Amino acid sequence: MTLLIMITLTSISLLLAAAETIPTTLDGPFKPLTRRFEPSLRRGSDDLPMDHPRLRKRNVSSDFPEQIALALSTPTSMWVSWVTGDAIVGKDVKPLDPSSIASEVWYGKEKGNYMLKKKGNATVYSQLYPSDGLLNYTSGIIHHVLIDGLEPETRYYYRCGDSSVPAMSEEISFETLPLPSKDAYPHRIAFVGDLGLTSNTTTTIDHLMENDPSLVIIVGDLTYANQYRTIGGKGVPCFSCSFPDAPIRETYQPRWDAWGRFMEPLTSKVPTMVIEGNHEIEPQASGITFKSYSERFAVPASESGSNSNFYYSFDAGGVHFVMLGAYVDYNNTGLQYAWLKEDLSKVDRAVTPWLVATMHPPWYNSYSSHYQEFECMRQEMEELLYQYRVDIVFAGHVSSQIILVKKSFDTL
């Protein structure tokens, strides 16, 4: 099931400049300022096959970047991530050497003129299942480079890769967000959850891109790679029946690479922030969990005082976002709770008047399969959100609705 919410942000300064009264929700409903969603969206949808044109690896050298993605770091810096090399699937897999290729980003404010250059780090990971009939996986080389010194509300042009090969990407551009301010907001923010990689995913992402968001937030359940060998693709209807000796359910990691290629036309141009969902747990036989999520995505954890990629915060103009982890410790004696309390206490509502929280599972829902599933998390954290007057909470997990919302900023 896919949730897509588009919010159009109109700043107070623009409204005042036009000598208009700032509207409130009592003046609505308002006509949406987004493109109409495709009315024929199917209920349930088949997974896209691995040879689908939007999922296939390009016919170029494996040294060339693919799965390029942007993520916010600070108001003046951005993470650029990509993958090179070929992932390996089989019984015996040997990881690639991350040091065999460089991680570079060239960037500047003019097309073809890259005045700034940064280098970063690279890593690989493996997903291992030491049982007959299951497939081990080791990833391509995953690169993360932090580019800084960015000016607000400015278009930058960049290329990434290894210039010594040479294997640099084509030129791509992105626009930075406004600095934190009560009078400046991203033009449009898209919230999407429970995406997967189905025919409905194509409709959702195409619709999202047509609406030209400034920022994308994905509230968990990204690829559903953990279901591909059972109910997805040509999977078996009963995993335990087909693999009776397997101690754990296999997750088909090539779906992550396919998802990265599918999303690249969006994520390479628009900063995309993610938080983990239950389909990202992906336990290995050794007890390791969340390996794909942890290695593939750069998030501003340390920048926001968090010691974990499972929860963090960031600013987008006059909005402060807190991304909460529902699948790690959330008790009021734990690290996440202490971090959240500290983070919320530092928010200056004169600078970022809007305070938004996201998590994968909702605390309130009437869906029988997930009813009160995270009641414990609610009891631990809800009072803290009320105390610091969080304005909006976005979640996924159970919703299949499409919502388009126009929102202007009134005095809090």
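How much space lies in the largest cavity? In this predicted model, the answer is about 270 Å³. Rolling a probe the size of a water molecule over the atoms shows where empty space is left. When the whole structure is searched in this way, five cavities of 30 Å³ or more are found.

The walls of the largest cavity deserve a closer look. Its lining is made of 21 residues, and those nearest the centre are Gln67, Ala69, Trp259, Arg296 and Phe297. Several elements give two or more residues to this lining: strand 2 (66-74), strand 3 (77-84), strand 10 (141-147), helix 4 (254-267) and strand 16 (272-274). Sorted by class, the lining of the largest cavity holds 14 nonpolar, six polar and one charged residues.

Gln67 is worth a second visit. This residue belongs to strand 2, and its phi is positive, at about 55 degrees, although Gln67 is not a glycine. Most residues other than glycine have a negative phi, and most peptide bonds are trans. On the subject of peptide bonds, the one from Val165 to Pro166 is cis, with omega near -10 degrees. Pro166 can be found in the loop that lies between strand 11 (155-162) and strand 12 (167-168).

Strands 2, 3 and 10 can now be followed from the cavity lining into a sheet. Which order do the four strands of this open sheet take? The order is 2-3-10-7, and the pairing is antiparallel. Strand 2 and strand 7 (121-123) are at the edges with a single partner strand each, so one side of each has no neighbour in the sheet. From one strand to the next, the twist averages 20 degrees. Within this sheet, strand 3 and strand 10 run antiparallel and are joined by seven bridges. To trace one of these links by eye, start at Met78, whose bridge partner in strand 10 is Ile147.

Another open sheet has three strands, in the order 4-9-8, and its pairing is again antiparallel. Here strand 4 (88-90) and strand 8 (126-127) are the edge strands, each pairing on one side only. Strand 8 is joined by two bridges to strand 9 (residues 136-138), and these two strands run antiparallel. Ser126 can be seen opposite Thr138 of strand 9.

Attention now turns from cavities to pockets. The second largest pocket contains about 380 Å³ of space. It is lined by 20 residues, with Arg155, Glu175, Asp212, Pro213 and Ser214 the closest to its centre. Both strand 13 (172-175) and helix 4 supply at least two residues of this lining. Strand 13 provides the largest share, three residues. By class, the lining of the second largest pocket comprises 11 nonpolar, four polar and five charged residues. Helix 4 therefore appears in two settings, as it gives two or more residues to the lining of the largest cavity and at least two to the lining of the second largest pocket. Finally, how do helix 6 and helix 7 pack together? Two packed helices are described by the angle between their axes and the distance between the axes. For helix 6 (residues 335-345) and helix 7 (residues 375-387), the angle is about 5 degrees and the axes are 11 Å apart. Angles under 35 degrees count as roughly parallel, so helix 6 and helix 7 are roughly parallel to each other. On the helix 6 side, the contact is made by Gln336, Tyr337, Leu340, Lys341 and Leu344, while helix 7 contributes Glu380, Met381, Leu384 and Leu385. By class, this contact of helix 6 with helix 7 has six nonpolar, one polar and two charged residues.

Key
Residues are numbered from 1 along each chain as its sequence is written. This is a predicted model: local features need pLDDT of at least 70, side-chain atom pairs count only at pLDDT 80 or more; totals for chains, interfaces and linings use all residues. Side-chain values use heavy atoms; hydrogens and water are left out. On a 1 Å grid over the protein atoms alone, a cavity is a set of points where a 1.4 Å probe fits but cannot get out, and a pocket is an open set with protein on both sides within 12 Å along at least five of seven lines; lining residues have an atom within 4 Å of a point. Grid points are joined across faces, edges and corners, and a volume is the space filled by probe spheres set on the points. Ala, Val, Leu, Ile, Met, Phe, Trp, Tyr, Cys and Pro count as nonpolar, Asp, Glu, Lys and Arg as charged, and the others, Gly among them, as polar. Two strands pair if DSSP finds at least two bridges between them. Axes are lines fitted to C-alpha atoms, for helices over the stretch in contact, and angles run from 0 to 180 degrees between N-to-C directions. Angles under 35 degrees count as roughly parallel, over 145 as roughly antiparallel, 65 to 115 as roughly perpendicular and the rest as oblique. Contact means heavy atoms within 4.5 Å.
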